[in-house]
Amino acid sequence: MSEHKNEVKLEDIVSLAKRRGFIYPGSDVYGGLAGTWDYGPLGVSLKRNIMNLWWQMFVDGRDDMYGVDAAILMNQKVWQASGHVDTFTDPLVECNTCHARHRADKLDDANKCPNCGQTGTFGEAKQFNMMFKTNVGPVDDENSVSYLRPETAQGIFTNFKNVVDSFYPDVPFGIGQQGKAFRNEISPRDFVFRSREFEQMEIEYFVKEENWEAEFEKWVELCKQWFTALGLPESSVHELEVPEEDRAHYSKRTIDFEFDYPIGREELMGLAYRTDFDLKNIERVSKKSMEYRPKDGSDSYVPHVIEPSFGVERALMAVLVSAYREDEQNGEKRIFLALPYDLAPIKVAVCPLAKNNEALVAKARDIYAMLKEQVGDVLWIDSGNIGKNYRKMDEIGVPYVVTVDFETLEGDQKDTVTLRHRDTTNQERVELSNLISESKKR
Ligand code: ATP
């Protein structure tokens, strides 16, 4: 087990996530379903903001990238060709005493059952396939077998030829996809870190074989830029050069980017050079050529692939851990999320100082409508006292709170409001004409 560096406790994150409507346990009213999580109103926004930022940075923001959204259910041949049917397994051990099952390579003590505490009760490890199997259509036989995809990558590879035929991009180019992936994890745990249903954001970047090392290095840098955009401290992210014996057999180089989670240093995402393994497998099984024909008339070839594979939940968890702060304000403990502006589910909250004064509320409503149109994610709050409102907004990471008071209505401060900053708690008087630009500041 890796050392624990972050001071934030996992319980703090889980409790805030549930209390404030980010993430709830899946099927909670029925006692839950292990390894599943539901996103509440703020969680959906945070997750979407992370995914949109990624899409902007890696797909829309680049000329050499193409997006796809492939079906989750795919022809079983996809998973036979890719090797998942035979080898997408984790080692499973069962305790002879309590019959609990565990993932053998994740046990703190390989001999001791974490459920009942007995030692020496494990039999031989079996290989357990993590794909969820199902049948497509009304006939339940071997031909109708399909799987919920355990990764989004194969939906990219199967569309390689389609994208080339439609767009004829120059190599190097990449195809990106975001979407759900499903793995029947033996021991789902640690909040959303190891779930059975999660989301991935993956890129297959197609290169000429001789250029793979240079392109790989570029992706290392791009991954680091992504971590910065998420607000992860540089000191909490680590590059693990995966040794040959631990790499997938087709990979010539893999870096796992690890993060100091409250549960220890664990994989945040992976970057792998997958050679031409996947496209060659598709050729072998589909009998269709995956060769790329260069525009300059030189020989056709099957491109090689660099794969940055990002997990949304692990990114989101790292974002929450990095943003979680506690300080003291006026002798009271304060919890706040110092989320990067682009990720914050709500950018501005608008609060009338008195909710019974018609003129004041009407003015605040106008300001709210203006901000809603120009800034987008704006919240109206008129409950409780102002201090309580600030604390609530701090806990959900709202960068700015606008308070509309009587001075906004008349006098020499007319058409100014109080703008309160989340991280410093500083308050300043801002002219309404400057409010949009002030509340869009990152
Ligand atoms: P681990 O070793 O932690 O099981 P992995 O090496 O199997 O992960 P990959 O197959 O490389 O993971 O998947 C790519 C990314 O997808 C991971 O880096 C992670 O961000 C995410 N991911 C994988 N499995 C899960 C899961 N069960 N829950 C949440 N995210 C996951």
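At what angle do α2 and helix α7 pack, and how far apart are their axes? The first view takes up this question, and the others visit further spots in this predicted model.

**View 1. Helix α2 packs against helix α7.** Welcome to the first close-up, where α2 meets α7, a helix made of residues 212-229. The two pack at an angle of about 145°, and their axes are 11 Å apart. The crossing of α2 past α7 is right-handed. On the α2 side, look for Ile 50, Leu 53, Trp 54, Met 57 and Phe 58. Their partners in α7 are Trp 219, Leu 222, Gln 225, Trp 226 and Ala 229. Sorted by class, this contact of α2 with α7 holds 9 nonpolar residues and 1 polar residue, with no charged ones.

**View 2. Arg 62 sits in the loop that joins α2 to β3.** Here α2 covers residues 41-60 and β3 covers residues 65-68, with Arg 62 in the loop between them. Find the side chain of Arg 62 and follow it to the side chain of Asp 64, with which it makes a polar contact of 2.7 Å. Leaving aside residues up to four places away in sequence, Arg 62 touches Met 57, Tyr 205, Trp 219 and Leu 222. Some of these names may be familiar from the first view: Met 57 of α2 and Trp 219 and Leu 222 of α7 also take part in the contact between those two helices.

**View 3. Helix α2 also packs against helix α9.** This close-up shows α2 with α9, which spans residues 312-323. Their axes are 10 Å apart and the packing angle is about 110°, which makes α2 roughly perpendicular to α9. From α2, the contact uses Leu 46, Lys 47, Ile 50 and Met 51. From α9 come Val 312, Glu 313, Leu 316, Val 319 and Leu 320. By class, the residues where α2 meets α9 are 7 nonpolar and 2 charged, with no polar ones.

**View 4. Helices α10 and α13 meet at an angle of about 40°.** The pair consists of α10, residues 358-374, and α13, residues 432-439. Their axes lie 11 Å apart, and the angle of about 40° makes α10 oblique to α13. The crossing of these two helices is right-handed. Lys 363, Ile 367, Met 370, Leu 371 and Gln 374 are the α10 residues to look for, and they meet Leu 432, Leu 435, Ile 436 and Ser 439 of α13. The residues of this contact of α10 with α13 comprise 6 nonpolar, 2 polar and 1 charged.

**View 5. The ligand has 16 residues around it.** Those that come nearest are Glu 185, Arg 194, Ser 195, Glu 267 and Leu 268. Start with Glu 185, where a polar side-chain atom lies 2.8 Å from a nitrogen atom of the ligand. Next, turn to Arg 194: an N or O atom in its side chain is 2.8 Å from an oxygen atom of the ligand. For Gln 200, the distance from a side-chain N or O atom to a ligand oxygen atom is 3.2 Å.

**View 6. Two loops hold backbone details at Pro 172 and Ser 27.** Pro 172 lies between α6 (160-167) and β9 (173-182). The peptide bond leading from Val 171 to Pro 172 is cis, with omega near 10°. Ser 27 is found in the loop between β1 (23-25) and β2 (37-39). Although Ser 27 is not a glycine, its phi is positive, at about 50°.

How values were computed:
Residues are numbered from 1 along each chain as its sequence is written. This is a predicted model: local features need pLDDT of at least 70, side-chain atom pairs count only at pLDDT 80 or more; totals for chains, interfaces and linings use all residues. Side-chain values use heavy atoms; hydrogens and water are left out. Axes are lines fitted to C-alpha atoms, for helices over the stretch in contact, and angles run from 0 to 180 degrees between N-to-C directions. Helices (H or I, at least four residues) and strands (E, at least two) are DSSP runs, numbered from the N terminus. Angles under 35 degrees count as roughly parallel, over 145 as roughly antiparallel, 65 to 115 as roughly perpendicular and the rest as oblique. A crossing is left-handed if the near helix is turned anticlockwise from the far one by less than a right angle, and right-handed if clockwise. Contact means heavy atoms within 4.5 Å. Ala, Val, Leu, Ile, Met, Phe, Trp, Tyr, Cys and Pro count as nonpolar, Asp, Glu, Lys and Arg as charged, and the others, Gly among them, as polar. A residue is near a molecule or strand if one of its heavy atoms lies within 4 Å of it. A polar contact is a pair of N or O atoms within 3.5 Å; within protein, one must be able to donate a hydrogen and the other to accept it, and residues adjacent in sequence count only if both atoms are side-chain atoms.
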